[in-house]
Amino acid sequence: MPVPFDRSNYDNDNIFAKILRDEIPCDKIFENDHALAFRDIDPKAAVHVLVIPKGSYIDFVDFTEKASDEELRGFYSALSETIEFCTLTEQGFRLVTKSGPHGGQEVPHYHVHVLGGEKLEPMTF
Ligand code: AMP
């Protein structure tokens, strides 16, 4: 049997935790009380932004199960504001989130990729 994905131990040294503590810089485009949006360092599209909650959540499941209503609202409102700020509404966009080993998640802090600004290739990401 494969070892289950462990959501009980948030790694405080992951790169997004360091960005949230201002220990490393980011190209910030939007922030509210519960979320931060910044450009991906290795963009896969003309627009490639990551939106992350400020709380310590590992993935979508962890966030959805443990975050307060206020945090959930703040995060999804930041996602909407980011899409609007990047003027992606009219032509469309892609949202991607990865979870755990099967999802290919590299950074163990919940994040949603916002991709757009051009016609995207079929998904290989
Ligand atoms: P994932 O595979 O969904 O965990 O993706 C992690 C994403 O974080 C990748 O697209 C990386 O390019 C991006 N990334 C890693 N380090 C940084 C950083 N310091 N600033 C911005 N984006 C980063």
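**Notebook: salt bridges, rings, cysteines and a pocket**

I started with E23, which is partly exposed at a relative accessible area of 47%. This is a predicted model, and I kept that in mind throughout.

**Entry: salt bridges**

What does E23 form a salt bridge with? I found R21, with the closest N and O atoms 2.7 Å apart. R21 is partly exposed too, its relative accessible area being 38%. Then I looked up the total for the structure, and it holds seven salt bridges.

I went on to E31, which takes part in a salt bridge with K28, 2.5 Å from N to O. E31 also meets K54 in a salt bridge, here at 2.7 Å from N to O. Where do K54 and E31 lie? K54 is in the loop between β3 (47-53) and α2 (60-66), while E31 is in strand β1 (residues 28-31), so this pair ties together parts that are 23 residues apart in sequence. I noted the three down as one group, since K28, E31 and K54 are linked in a network of salt bridges.

I checked how open this network is to the outside. K28 counts as partly exposed at 46% relative accessibility, E31 as partly exposed at 38%, and K54 as partly exposed at 30%.

**Entry: aromatic rings**

How many aromatic pairs does a search of the whole structure find? I got eight. I took the pair of F16 and F38 to begin with: the ring centres are 5.5 Å apart and the planes stand at 75°, so I call the pair edge-to-face, the cut-off for that being over 60 degrees. This pair links distant parts of the chain, with F16 in helix α1 and F38 in strand β2, 22 residues apart. Buried or exposed? Both F16 and F38 are buried.

Next I looked at F75 and Y76, which form another edge-to-face pair, 4.9 Å centre to centre with 90° between the planes. Their surroundings I looked up separately: F75 counts as buried at 0% relative accessibility, whereas Y76 counts as partly exposed at 31%. F75 and Y76 also belong to one aromatic cluster, together with Y57, F60, F63 and Y110.

**Entry: the largest pocket**

I turned to empty space next. The largest pocket holds about 420 Å³ of it. Which residues lie nearest its centre? Of the 20 residues in the lining, I wrote down F16, D40, I41, L50 and V107. F16 is familiar from the rings, where I had it as buried.

Two elements give two or more residues to this lining, α1 (15-20) and β2 (35-39). I marked α1 as giving the most, with three residues. By kind, the lining residues divide into 11 nonpolar, two polar and seven charged.

**Entry: cysteines**

How many disulfides are there? The count comes to zero. I wanted to see why, and I checked C26 and C86. The closest cysteine sulfur to that of C26 is in C86, 13 Å away, which is too far for a bond when the cut-off is 2.5 Å. Starting from C86 I got the matching result, with C26 holding the closest cysteine sulfur at 13 Å.

I also looked up how accessible each one is. C26 counts as partly exposed at 32% relative accessibility, whereas C86 is buried, with a relative accessible area of 11%. The limit for buried is under 20%, so C86 falls below it.

Definitions and conventions. Residues are numbered from 1 along each chain as its sequence is written. This is a predicted model: local features need pLDDT of at least 70, side-chain atom pairs count only at pLDDT 80 or more; totals for chains, interfaces and linings use all residues. Side-chain values use heavy atoms; hydrogens and water are left out. Buried means under 20% relative accessible area, exposed over 50%, partly exposed in between (1.4 Å probe, protein chains only). On a 1 Å grid over the protein atoms alone, a cavity is a set of points where a 1.4 Å probe fits but cannot get out, and a pocket is an open set with protein on both sides within 12 Å along at least five of seven lines; lining residues have an atom within 4 Å of a point. Grid points are joined across faces, edges and corners, and a volume is the space filled by probe spheres set on the points. Helices (H or I, at least four residues) and strands (E, at least two) are DSSP runs, numbered from the N terminus. Ala, Val, Leu, Ile, Met, Phe, Trp, Tyr, Cys and Pro count as nonpolar, Asp, Glu, Lys and Arg as charged, and the others, Gly among them, as polar. A salt bridge is a side-chain nitrogen of Lys or Arg within 4 Å of a carboxyl oxygen of Asp or Glu. Rings of Phe, Tyr and Trp (its six-membered ring) pair if their centres lie within 6.5 Å; planes under 30 degrees apart count as stacked, over 60 as edge-to-face and the rest as tilted.
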